[in-house]
Amino acid sequence: MNSNGKSMQGFTFVDPERVEQIFSQYPDKKSATLPLLHLAQSQHGYISNSVINTIADLVDCHPAIVMDCVSFYTMLYTKPQGRHIIQVCQTLSCSLNGADSLVDHVMDKYEIKPGETTADDRFTLMKVECLGSCGTAPVVQINKEYHEGLSTQNFDKLLESFE
Amino acid sequence: MPLLKIDDKEIQVQSGATVLETAEANGIEIPHYCYHPALEVVGSCRMCLVQVEGMPKLQVSCNTFVGDVHPDRKVDGKYDMVVHTQNDLVVQERKNILEFLLLNHPLDCPVCDQAGECYLQDYSFKFGNAHSRFEENKRVRSNEYLGSQIVINHNRCILCSRCVRFTQEISGTSELFVEARGYNTKVAALEEKPLDNLLAGNVADICPVGALLSTDYIHKNRIWNLKKQSSVCQDCSVGCNVDVFSQTNQIFRLTPRENHDVNGYFMCDIGRYGFHRFEEIERVTQPMIREGDSFVSFEWEEAIQETVDRLKRAGGKVAGVTSPYHTNETNFMLGLMVDGILGNLSQIDGEEINYPSGFRISSDRSPNRNGMNDVCPGNVDDLISDIDEQNIRTIYILDDGVDRDFDEVWKSILSKMDFVVVQTYRMTMLAQSANIILPGLAPFEREGTITNDGGRVQWLRPSLPIKGESRADWEILMMALKALDNNAQIFTDVSQVMKKMGEKIPAYKDVSFFNLGDKGLSLNGIASK
């Protein structure tokens with residue numbers, strides 16, 4: 001149930017104990033919004049409307065306020081993503097060391113543009129701002145791992161290793 | 001109490017007062033967008049920056065508080081704070097802020113509904129630069145509906161977030177939020193939960209620029225063509241203070257008028273769009289007498305004479321029906337004129353709605369039930385049984401102007417009547433059952449006083465001219481009274497009726513247009529200025 005009283009084909013957390021534990025870390029419910037969003041995204045893959053409604057109910061505020069928070073952070077996705085998320089750093093060092101050619105490579109190989117997902121849901125390509133590893137440029141983050149000092153060849157090999 | 005110096009003015013203030021509010025109260029203008037007295041302070045627009053001596057950077061005056069400082073640290077030995085609002089630094093900063101706010105602004109004042117009452121326009125003219133140094137392309141977005149009555153023009157929005165705070169704090173419905181960040185920031189509503197509460201219209205009022213627009217008014221007129229008349233809303237017993245904007249004989253919009261004893265800064269959409277109800281009604285503008293199944297138009301003299309003849313013939317056996325939709329003066333005059341019993345029609349109720357901010361929409365959707373009961377103390381609750389007991393066959397009805405279905409009791413009463421006089425402005429079902437119809441004024445044509453459910457008497461003022469042969473309701477009753485009784489005191493103006501009313505009803509002794517002013521007068525003794 002969301003605050004309208006309409007029931008959505010609801011999202012529920014599979015690990016209610018973890019939810020309780022998150023709540024126990026904060027003095028008020030609303031503070032748990034961000035960690036709950038991360039938990040929901042790790043379970044659901046992205047933040048759908050039903051996730052927003054569920055969390056709004058849990059933290060006792062309006063869905064619009066949760067949406068306000070979700071839309072602020074680029075690491076929270078509001079659309080379904082591929083199984084693997086390729087984030088290519090666009091900031092100075094990486095850009096000078098050939099980040100653009102890495103992006104072009106993915107675009108050519110999988111026929112997707114930045115922000116898009118392959119038809120088989122294998123990859124989502126994103127251009128991101130500084131990943132904070134300028135000394136080993138160019139850097140690509142795939143899921144939660146950094147891959148540093150990439151050339152087009154070993155990037156290609158790397159991509160093949162993801163199913 | 002801290003001593004504050006703003007420019008050349010020394011001001012004693014309460015500890016904890018903000019610089020902006022103190023300046024405003026003392027006639028010093030500090031431009032601002034995001035600050036609104038009814039909303040939380042966020043200090044996000046940066047328009048109200050001032051220089052405070054001893055502080056390294058300019059300060060947002062809306063969120064800078066004045067307090068007592070240690071005697072050793074007082075400026076010039078006596079001031080707790082010294083503020084400059086006019087020096088070169090502040091003047092230059094305002095230019096810079098306005099240049100930023102206008103970066104993506106389309107400068108489409110000629111087609112913008114806010115033009116003429118736009119703070120972006122006013123402040124640019126007063127404080128801004130004539131030119132922008134921005135050479136890149138402006139960000140262009142299309143308009144979006146936030147709710148059924150509100151459109152947002154993102155290009156004009158300066159992201160002050162007044163509207164977002166309004167839905168969070170005043171209506172408590174929280175439909176609006178600030179989406180994304182940086183260049184992509186915009187005010188948005190969730191698709192599944194649009195901005196459709198009964199206070200939604202207020203966001204267009206509090207928007208300092210032309211971003212939020214009411215679909216009801218968009219591209220209808222220009223503000224400088226409209227006549228602004230302060231008055232009172234007549235759609236429920238709260239009696240919100242309003243400004244009515246009209247041109248010749250058409251109302252274009254209503255906006256709330258500040259009154260902290262009644263409605264604060266806001267009004268509801270029932271009242272805001274209520275004026276449309278009177279645009280397409282079947283008006284009665286000519287005295288009419290029933291002949292068979294149809295009505296024939298007559299001159300006033302004949303219609304009044306016919307009415308009075310019938311009232312005289314009935315002797316004291318006349319019932320008068322007062323109306324909570326009419327002014328105190330009209331109801332009072334009916335009480336003077338009818339030599340019999342007084343009562344009223346069945347009450348029409350709506351839903352009582354309370355908002356977290358304290359704003360209220362009353363379940364009693366008539367504006368003047370309190371006043372009607374005050375000025376007609378003889379009003380009986382159970383008119384029907386009195387009519388039966390005394391075998392009354394003549395009735396004089398002040399029509400509410402609301403089309404209602406009559407219950408069986410009222411139907412049988414009306415069928416028993418030999419003679420029914422209905423004073424009305426529209427062809428209601430009640431009017432159709434009349435023997436004589438006397439054309440009165442519609443709500444936005446009336447003048448007089450109404451008393452809200454908190455016991456505050458307020459000045460209802462006309463915005464529209466009188467239509468056809470219609471006459472003011474108290475005046476019609478005066479004509480009848482004069483014809484009934486040669487010795488009757490003659491009133492030629494509504495203020496004279498008011499004076500008489502004050503003599504007869506002690507609670508209303510101080511009521512006069514002069515005393516009422518814009519804010520009204522509380523009968524509970526807490527009179528405001």
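Colleague: What pattern of helices and strands does chain A follow along the sequence?

Modeller: Helices (H or I, at least four residues) and strands (E, at least two) are DSSP runs, numbered from the N terminus. In chain A the pattern reads α-α-α-α-β-α-α-β-β-β-α, from seven helices and four strands. This is a predicted model, in which local features need pLDDT of at least 70 and side-chain atom pairs count only at pLDDT 80 or more, while totals for chains, interfaces and linings use all residues. Residues are numbered from 1 along each chain as its sequence is written, with chains lettered from A and ligands numbered from 1 in the order in which they are written.

Colleague: How many helices and strands does chain B have?

Modeller: Chain B has 15 helices and 25 strands. Its C-alpha trace spans about 85 × 55 × 35 Å along the principal axes; for chain A the spans are about 55 × 35 × 25 Å.

Colleague: How should I read burial, and which residues of helix H3 of chain A are buried?

Modeller: A residue is buried if 20 or more other C-beta atoms lie within 10 Å of its own, exposed if 12 or fewer, and partly exposed in between, with C-beta atoms placed from the backbone. Helix H3 of chain A covers residues 49-59, and its buried residues are A:Val51, A:Ile52, A:Asn53, A:Thr54, A:Ile55 and A:Ala56. They pack against helix H2 (33-44) and helix H4 (63-72) of chain A. After H3(A) comes A:Asp60, with a positive phi near 65 degrees. Over whole chains, buried residues make up 25% of the 163 residues in chain A and 45% of the 529 residues of chain B.

Colleague: What share of the contacts in each chain with a separation of 6 or more joins residues 24 or more positions apart?

Modeller: Two residues are in contact if their C-beta atoms, placed from the backbone, lie within 7 Å. The share is 61% in chain A and 65% in chain B.

Colleague: Where do the domains of each chain lie?

Modeller: Domain bounds come from an automatic or database domain assignment. Chain A has domain 1 (16-72) and domain 2 (84-160), with C-alpha centres 29 Å apart. Chain B has domain 1 (3-86) and domain 2 (288-522), and there the C-alpha centres lie 53 Å apart.

Colleague: Which strands form the open sheet of chain B in the order S6-S7-S10, and how do they pair?

Modeller: Strands of a sheet pair through backbone hydrogen bonds, either parallel or antiparallel. Two strands count as paired if DSSP finds at least two bridges between them. Here three strands, S6, S7 and S10 of chain B, make an open sheet with antiparallel pairing. Strand S6 (144-145) and strand S10 (212-214) of chain B are the edge strands, each pairing on one side only. Two bridges join S6(B) to strand S7 (residues 150-152) of chain B; B:Tyr145 has B:Val151 in S7(B) as its bridge partner.

Colleague: How many residues does each chain bring to the contact?

Modeller: Chain B brings twelve residues and chain A ten. On the side of chain B that touches chain A, strand S8 (residues 176-179) of chain B gives the most, with four residues. By class, that side of chain B has six nonpolar, one polar and five charged residues. Ala, Val, Leu, Ile, Met, Phe, Trp, Tyr, Cys and Pro count as nonpolar, Asp, Glu, Lys and Arg as charged, and the others, Gly among them, as polar.
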